[in-house]
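Work through the exercises below with the model open beside you. Try each task before reading its solution.

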Amino acid sequence: MLILGIESSCDETGIALYDSAAGLLSHALHSQVAMHAEYGGVVPELASRDHVRRVVPLLRSTLEKAQKSLADIDAVAYTRGPGLSGALLVGSAFAEALALALDKPTIPVHHLEGHLLSPLLSADPPTFPFVALLVSGGHTQLMQVTGVGEYTLLGETLDDAAGEAFDKSAKLLGLPYPGGALLSKLAEQGRPGVYELPRPMLHSGDLNFSFSGLKTAVLTLVREQGEHLADEFKADAARAFQEAIVEVLAKKALKALKQTGLKQLVVAGGVGANKQLRATLDDEARRKRFRVYYPELEFCTDNGAMIALAGCLRLQSGTPSKPAGEFAVLPRWPLMQIAG
């Protein structure tokens, strides 16, 4: 069974071919970061138009790399939500039109389910059940995962997601868009212990998160420096911020493992690529004897491979596909609405 996956929820256009027997055959991705950098953030209208320009060339490239044709495709999976409505419409309309022309079924996929299952693309994948820490630009959640579509929410952010806190704090430090990754790199140059930032909800007794207060603490540091921010200050502040957010994420994830009694932790989403977070969790895994799994770095960002995989697993788990032609995107779509 050959599944075509299409991802267009925000500012990356992703196409992939996933074979149920052979695994991922090929994938292609175009990022719009350079285009949006001029504006300091994602411009939805520009994002939608760029998806229109990129989707067909990327599809052709993906088919060529896999040495497949459109006739070989058995179903088309695409991101239905959540995301930017215009961007989602481009991918959804293209997927539905293509499937209708090929007389193939479609599989609307939840974007976060794609991230949740993305470590299964690895050569050494986790097995069900496991705890999942979803840390992306717009979402921070802890899930107990017992199978495809079998998700129990353990905790989530009450305000800013981890990725949002990274990006907003980077902007406060004067870093260009997209700031989260630049802040992480800058933190490597910072000195430990120069600044002490709060660990929001670290001792709350539950598995929820809150990062808006941490962002406010960075703002206070910046204001104390005056108009000119020295490079040394930026690096030290970045390190203090990253250490605070990583400690909260790691300790909450460990608490989730203890609470569920599980020994496997999956970390997925853009922040899952953070070096300090990975190093901290790897160290804890060695000391406390559990396994931690991450997607390959190329699959931490939005991509078509995770959508193709999720679509394939959905079909294999018995979720019915639908006839092509009718669709509606869901810019706001809680993951728990698809949980069995």
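**Exercise 1. A charged network**

Which residues are linked with Asp283 in a network of salt bridges?

Solution. This is a predicted model. Start from the principle: side chains of opposite charge can pair when their charged atoms come close. Now select Asp283. The network links Asp283, Glu284, Arg286, Arg287 and Lys288. For context, the structure holds 20 salt bridges.

**Exercise 2. A salt bridge inside a helix**

Find the salt-bridge partner of Arg53. Then classify both residues as buried, partly exposed or exposed.

Solution.
1. The partner is Asp50, and the closest N and O atoms lie 2.9 Å apart.
2. Locate the pair. Both residues sit in helix H2 (residues 44-66). They are three residues apart, so about one helical turn separates them.
3. Classify Arg53. Its relative accessibility is 49%, so Arg53 counts as partly exposed. The cut-off for exposed is over 50%.
4. Classify Asp50. Its relative accessibility is 2%, so Asp50 counts as buried. The cut-off here is under 20%.

**Exercise 3. A link between distant parts**

Where in the chain do Glu188 and Lys275 lie, and are they buried or exposed?

Solution.
1. Their side chains meet in a salt bridge, at 3.8 Å from N to O.
2. Glu188 belongs to the loop between helix H6 (179-187) and helix H7 (212-225). Lys275 belongs to helix H9 (residues 275-288).
3. The two are 87 residues apart, so the pair links distant parts of the chain.
4. Both Glu188 and Lys275 are exposed.

Now try another pair. Glu196 forms a salt bridge with Arg199, with 3.4 Å between the closest N and O atoms. Glu196 has a relative accessible area of 66%, so Glu196 is exposed.

**Exercise 4. The sheet**

Work out the strand order of the five-stranded sheet. Then explain why E8 and E10 each have one side without a neighbour.

Solution.
1. The order is E8-E7-E6-E9-E10, in an open sheet with mixed pairing.
2. Strand E8 (150-156) and strand E10 (291-293) are at the edges. Each has a single partner strand, so one side of each lacks a neighbour in the sheet.
3. From one strand to the next, the twist averages 25°.
4. Check one pairing. Strand E7 (residues 140-147) and E8 are antiparallel, with six bridges. Leu142 has Gly155 in E8 as its bridge partner.
5. Add the helix. Helix H8 (residues 231-260) packs on the sheet and touches E6, E7, E8 and E9. The direction of H8 makes about 155° with that of E6.

Terms used: Residues numbered from 1 in each chain as written. Predicted model: local features only at pLDDT ≥ 70, side-chain atom pairs only at ≥ 80, totals over all residues. Heavy atoms only, no water. Pairing = 2+ DSSP bridges. Helix = DSSP H or I, 4+ residues; strand = E, 2+ residues; numbered from the N terminus. Axes fitted to C-alpha atoms, helices over the stretch in contact; angles between N-to-C directions. Contact = heavy atoms within 4.5 Å. Salt bridge = Lys/Arg side-chain N within 4 Å of Asp/Glu carboxyl O. Buried < 20%, exposed > 50% of the residue type's maximum accessible area, 1.4 Å probe, protein only.
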